[in-house]
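Colleague: I would like a close look at one part of this model, the open sheet. Please describe how it is built and what surrounds it.

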Amino acid sequence: MDYDNKISTIIRDLPRSGIRDFFELVIGRSDVISLGVGEPDKPTPWPIREAVIRSLEKGQTSYTSNLGLEALRVGISEYVTKHFRTTYDPKTEILVTVGVSEALDIAFRAVLNPGDEVIYHEPCYVSYSPSIKMAYGVPVVVQTREENEFALMAEDVEKAITPKTKVIALNFPTNPTGGIMPEAELAKIAALAVKHDLFVFTDEIYSELLYDGRKHKSIVEFPGMRERTVLLHGFSKAFAMTGWRLGYACAPAPLREAMMKIHQYCMLCAPIMSQMAGIEALKMGETAYEDMRQSYEQRRNLIVSRLNGMGLHCFNPGGAFYVFPEIRSTGLTSKEFAIQLLEKKSVAVVPGSAFSSAGEGFVRCCYATAPELIAKAMDLMEEFVNEVRGKK
């Protein structure tokens, strides 16, 4: 059987996730300090787990509406109104999904025709370009730069717009850089979307995790944006619910309906146990994550200080739980740095190149791990950097 000629050419030509390929090297090693896995180091808060235990004891294990439990959609509507200052009708404008990844996938599939272009920014989470291609769209990359703290510049977006452009995809705060968007720049991008009649898909999964007193601003809040925006959010990061696989999309009714058609055939519904957890999480609100957010801010300060102290330039990210230090001064590529650090010091980071060519020369470190482990990892990394540079 000639599988290469039988498998879809789109799927055949997709690269494997650079993150997952790298972490195949880590599996089974108990000696490794991991600064690589992008998830909270704490379990889901107990009240959320307890609510699900109670629901299981009651035998609540059935399918739900394709749209998701009504109580959850009502809770999402109330939360979004408070957090994003934009109101969505839980009956017609909210869809519960299996994580934000599914929401992003079906949003692209709902609007793209073959050849439609999607502008997105790199370095970015690994699924953006593949998701666009699997929806028969054309990914159009706009690179963000360290000198702008990896924010997306409107002038760069404008240069990328063509008659085939249909969507601008945003993810701020950003994985892997921790970059955030200045409000003035976000307003300019909103104006471009209105001017050129474009959709905006905005993935704001890290929006609760901001530091230095910052307040989150979504592009959906700007004039003319609600009608053309799909707001993607979920429970994984702020509520420490990565394994529950629970997300949601908020969009004007016609867009929500188009996404629901795909969702009902490919997923049917999110697991009811996860949805019950989501209901309780929204009841808790910021009490579920505020202590964790403050702890992340302290850890960010620690890791940024240590990285700069060892001569690996690192800007101070405004959100998420990642730092993106530059490692070019070591003379190693991102992959070489990550592999050698793992082999010689048992510290795992992710090569910046896993997040596109724009990430070459950097590595991603996740600081959602215990402060004492961060400190130990930084000691080992400093030893490694000094050895590479030939210092004693």
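Modeller: What follows goes through the sheet, its loops and the salt bridges around it. Keep in mind that this is a predicted model.

The open sheet has seven strands in the order E2-E8-E7-E6-E5-E3-E4, and their pairing is mixed. At the edges stand strand E2 (94–97) and strand E4 (138–143), each of which pairs on one side only. From one strand to the next, the twist averages 20°. Helix H6, residues 99–111, packs on this sheet and touches E2, E3, E5, strand E6 (199–203), strand E7 (229–234) and strand E8 (247–250). The direction of H6 makes about 160° with that of E7.

One pair of strands can be taken in detail. Strand E3 (residues 117–122) and strand E5 (residues 165–171) run in the parallel sense and are joined over four bridges. In this pair, Glu117 is opposite Thr165 of E5.

Next come the loops that follow these two strands. Pro123 is in the loop between E3 and helix H7 (128–134), and a cis peptide bond with omega of about 0° joins Glu122 to Pro123. Pro173 is in the loop between E5 and helix H9 (183–195). Here too the peptide bond is cis: it joins Phe172 and Pro173, with omega about -10°. Such bonds deserve a note because most peptide bonds are trans, just as most residues other than glycine have a negative phi.

Phi also needs a comment in the loop between H7 and E4, where Tyr136 is placed. The phi of Tyr136 is near 65°, a positive value in a residue other than glycine. Tyr136 has a relative accessible area of 52%, so it is exposed.

Now to strand E6, which contains Phe199. With a relative accessible area of 21%, Phe199 is partly exposed. Leaving aside residues up to four places away in sequence, Phe199 touches Val111, Lys166, Val167, Ile168, Arg228 and Leu255. By contrast, Ser101 is 98 residues from Phe199 along the chain, and their C-alpha atoms are separated by 18 Å.

Arg228, one of the residues touched by Phe199, also takes part in a salt bridge. Side chains of opposite charge can pair when their charged atoms come close. Asp197 and Arg228 form such a salt bridge, with their closest N and O atoms 3.1 Å apart. Asp197 is in the loop between H9 and E6, while Arg228 is in the loop between E6 and E7, so the salt bridge ties together parts that are 31 residues apart in sequence. The two ends of this pair are covered to unlike degrees: Asp197 is exposed at 59% relative accessibility, whereas Arg228 is buried at 8%.

The loop between E6 and E7 also holds Asp212, and helix H12 (residues 290–309) holds Arg300; their pair therefore ties together parts that are 88 residues apart in sequence. This salt bridge between the side chains of Asp212 and Arg300 is 2.8 Å, N to O. Asp212 is partly exposed, with a relative accessible area of 42%, and Arg300 is buried at 1%.

Within H12 there is another pair, Arg293 and Glu290, whose closest N and O atoms are 2.8 Å apart. These residues are three residues apart in the helix, which means that about one helical turn separates them. In the structure as a whole, a search finds 23 salt bridges.

Technical notes: Residues numbered from 1 in each chain as written. Predicted model: local features only at pLDDT ≥ 70, side-chain atom pairs only at ≥ 80, totals over all residues. Heavy atoms only, no water. Pairing = 2+ DSSP bridges. Axes fitted to C-alpha atoms, helices over the stretch in contact; angles between N-to-C directions. Contact = heavy atoms within 4.5 Å. Buried < 20%, exposed > 50% of the residue type's maximum accessible area, 1.4 Å probe, protein only. Salt bridge = Lys/Arg side-chain N within 4 Å of Asp/Glu carboxyl O.
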